[in-house]
Amino acid sequence: MIKVNLDGCGSLELNRSKALEAVKMLKEGTGKGNDYIGWTTLPFDYDKDEFDRIIKAAEKIRKDADALVVIGIGGSYLGARAVIELLKTARHNEIEKPAIYFIGNGIDGADLNQVLELIKNKNVYVNVISKSGTTLEPALAFRIIREYMEKTYGKEEAANRIFATTDKARGALKSLADAEGYETFVVPDNIGGRYSVLTAVGLLPIAAAGIDIKELMAGAETGIKEALSGNDDAASVVYACARQALYNNGKKVEILSYPGENYRFMAEWYKQLYGESEGKAHLGIYPSSCELTADLHSLGQYIQDGERILFETIFRFEKETIEVTVPFDEANGDGLNYVAGKKYSEVFKAAAAGVKQAHITGGVPVIELIADDVSARSLGEIIAFFEAACGISGYMQGVNPFDQPGVEEYKKNMFALLGKK
Ligand code: PA5
């Protein structure tokens with residue numbers, strides 16, 4: 001269950017009836033881009049045979065692999081990393097096997113080279129993910145990793161260790177996978193990249209990290225049913241209404257603030273989801289993020305005193321699973337005994353409350369999103385919550401939240417400069 005607290009937003013007029021029209025469009029498939037709303041039913045209507053294959057592939061990887069290399073970008077990358085880092089922490093590679101290395105999400109030769117060094121002499125599996133099968137960044141990285149795998153294991157054994165997640169019929173990756181005999185998983189036609197974390201795109205790496213994907217789906221089912229129930233108090237409806245009301249009041253930038261490193265990729269996932277969905281026709285809230293409290297030592301000044309175009313959404317969990325308690329120190333040389341005996345989560349709550357108060361005073365309205373606990377089920381609900389709110393908010397804004405025509409522009413220029421025919 002996600003709670004939305006708007007007491008830091010002053011008096012806001014929430015256009016709930018417009019939001020419910022958007023919910024109806026999503027349920028009935030009558031809005032713009034309705035070919036891409038498969039995510040609204042996915043948590044309870046998915047390919048069960050493929051789901052079992054995902055679990056089996058993940059079990060094999062977990063049993064055999066020291067390292068799993070996951071290749072993908074944008075929607076074929078961010079969701080899996082967000083879930084893994086939240087549930088397994090950002091440092092999980094140093095703690096348990098398999099280490100999961102994400103590559104192909106940019107064009108950084110030094111990074112790719114480092115991953116090649118890290119996997120040397122390790123037992124390696126690969127999951128290459130690309131819906132189109134033609135995106136340059138992951139395709140390049142896959143060419144290099146494929147060469148490494150074939151040199152290391154031979155062509156046949158390399159094929160046993162490579163899993164491809166792509167379109168069911170089209171694209172260079174699908175053709176290559178069929179020719180080489182890789183096991184393939186499908187990105188459904190009716191789900192766009194940024195909504196695909198609960199398809200094989202996210203599920204295979206997430207399951208390979210040892211996360212219970214049945215729980216994730218169960219949470220998402222609860223979340224999506226609640227979001228699209230037609231209840232105007234549903235968390236996604238309230239959040240979408242608040243965002244649109246703030247936008248209409250001149251607040252053009254949303255800062256998603258979150259409590260530390262493990263949440264970073266959830267914010268990256270949110271930025272893609274909302275940025276690609278709403279940034280159309282010269283409209284839309286610009287999604288940004290702020291790590292509490294680290295970024296207050298860099299962005300804090302601007303948030304407090306800069307242009308008043310910002311609103312902030314503070315996200316946190318009600319219950320933390322990993323706790324640290326501040327010890328008592330007799331000598332108290334650092335003067336910190338006033339927090340002795342407190343848990344880090346209590347210190348964070350006080351910090352977040354202080355931040356909220358300061359920002360409201362500075363003219364930055366604050367929405368609070370509070371989720372239950374750091375678990376697969378809770379995360380499933382959170383994914384459904386953000387996806388549904390994004391669809392609702394996009395329809396309220398009057399755009400097609402499910403296309404991304406602007407993403408093509410840089411590709412055209414880059415391909416021309418690289419001499420692609
Ligand atoms: O949301 C989207 O559709 C994009 O961000 C894609 O996920 C991204 O460009 C990767 O595309 P593909 O999976 O086709 O390689």
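Leaving aside its neighbours within four places in sequence, which residues is F315 in contact with? The legends below, drawn from a predicted model, begin with this residue.

**Figure 1. Surroundings of F315 in the largest nonpolar core.** Outside its neighbours within four places in sequence, F315 is in contact with L256, S257, Y258, P259, Y263, M266, L369, A371, I382 and F386. The largest nonpolar core has 96 residues, and F315 and F386 are those with the most contacts inside it. Helix 14, residues 376–397, supplies the largest share of this core, with 13 residues. Another core lies apart from it and has 25 residues, among them A67, A141, A158 and Y182.

**Figure 2. The ligand and the residues around it.** There are 13 residues around the ligand, of which S76, S130, K131, T135 and Q272 come nearest. By class, the shell divides into 9 polar, 3 charged and 1 nonpolar residues. Three polar approaches to the ligand are shown in this view. A polar side-chain atom of T135 is placed 2.5 Å from a ligand oxygen atom. For K131, a polar backbone atom is 2.7 Å from an oxygen atom of the ligand. E276 also takes part, with a polar side-chain atom 2.8 Å from an oxygen atom of the ligand. On its own the ligand has 390 Å² of accessible area, and the protein covers 87% of this.

**Figure 3. V115 in helix 4.** Helix 4 spans residues 109–119 and includes V115. Is V115 buried or exposed? V115 counts as buried because its relative accessibility is 5%, under the 20% limit for that class. Beyond its neighbours within four places in sequence, V115 is in contact with Y101 and I103. The view also includes I145, which is 30 residues from V115 in sequence, with a C-alpha to C-alpha separation of 9.7 Å.

**Figure 4. F163 in strand 5.** Strand 5 comprises residues 162–166, and F163 is found in this strand. With a relative accessibility of 2%, F163 counts as buried. Not counting residues up to four places away in sequence, F163 touches A57, I61, Y125, V126, N127, V128, E183, F185 and L204. K48 serves as a further point of reference: F163 and K48 are 115 residues apart in sequence, and their C-alpha atoms are 18 Å apart in space.

**Figure 5. Two cis peptide bonds, K97 to P98 and L292 to T293.** The bond from K97 to P98 is cis, and its omega is near -5°. P98 belongs to the loop between helix 3 (78–88) and strand 3 (99–103). L292 and T293 are likewise joined by a cis peptide bond, with omega about -5°. The location of T293 is the loop between strand 8 (286–291) and helix 12 (300–305).

**Figure 6. Positive phi at T89 and A281.** T89 is not a glycine, yet its phi is positive, at about 80°. This residue, T89, is found in the loop between helix 3 and strand 3, the loop in which P98 of the preceding figure lies. T89 counts as buried because its relative accessibility is 18%, a value under 20%. A281, another residue other than glycine, has a positive phi near 50°. Its place is the loop between helix 11 (264–278) and strand 8. What is the relative accessibility at which A281 counts as exposed? A281 has a relative accessibility of 66% and therefore counts as exposed, the limit for that class being over 50%.

**Figure 7. A side-chain to backbone contact made by N337.** N337 is found in the loop between strand 9 (310–319) and helix 13 (344–361). Which backbone oxygen does the side chain of N337 reach? The side chain of N337 reaches the backbone oxygen of D329, at 2.8 Å. When residues up to four places away in sequence are not counted, N337 touches P327, F328, D329 and N332. N337 counts as buried because its relative accessibility is 19%, which is under the 20% limit.

Key
Residues numbered from 1 in each chain as written. Predicted model: local features only at pLDDT ≥ 70, side-chain atom pairs only at ≥ 80, totals over all residues. Heavy atoms only, no water. Near = heavy atom within 4 Å. Polar contact = N/O pair within 3.5 Å; in protein donor to acceptor, adjacent residues only side chain to side chain. Areas by Shrake-Rupley, 256 points an atom, 1.4 Å probe, with all protein chains shown as cover. Nonpolar A, V, L, I, M, F, W, Y, C, P; charged D, E, K, R; others polar. Core = buried A, V, L, I, M, F, W, Y, C linked by side-chain atoms within 4.5 Å. Buried < 20%, exposed > 50% of the residue type's maximum accessible area, 1.4 Å probe, protein only. Helix = DSSP H or I, 4+ residues; strand = E, 2+ residues; numbered from the N terminus. Contact = heavy atoms within 4.5 Å.
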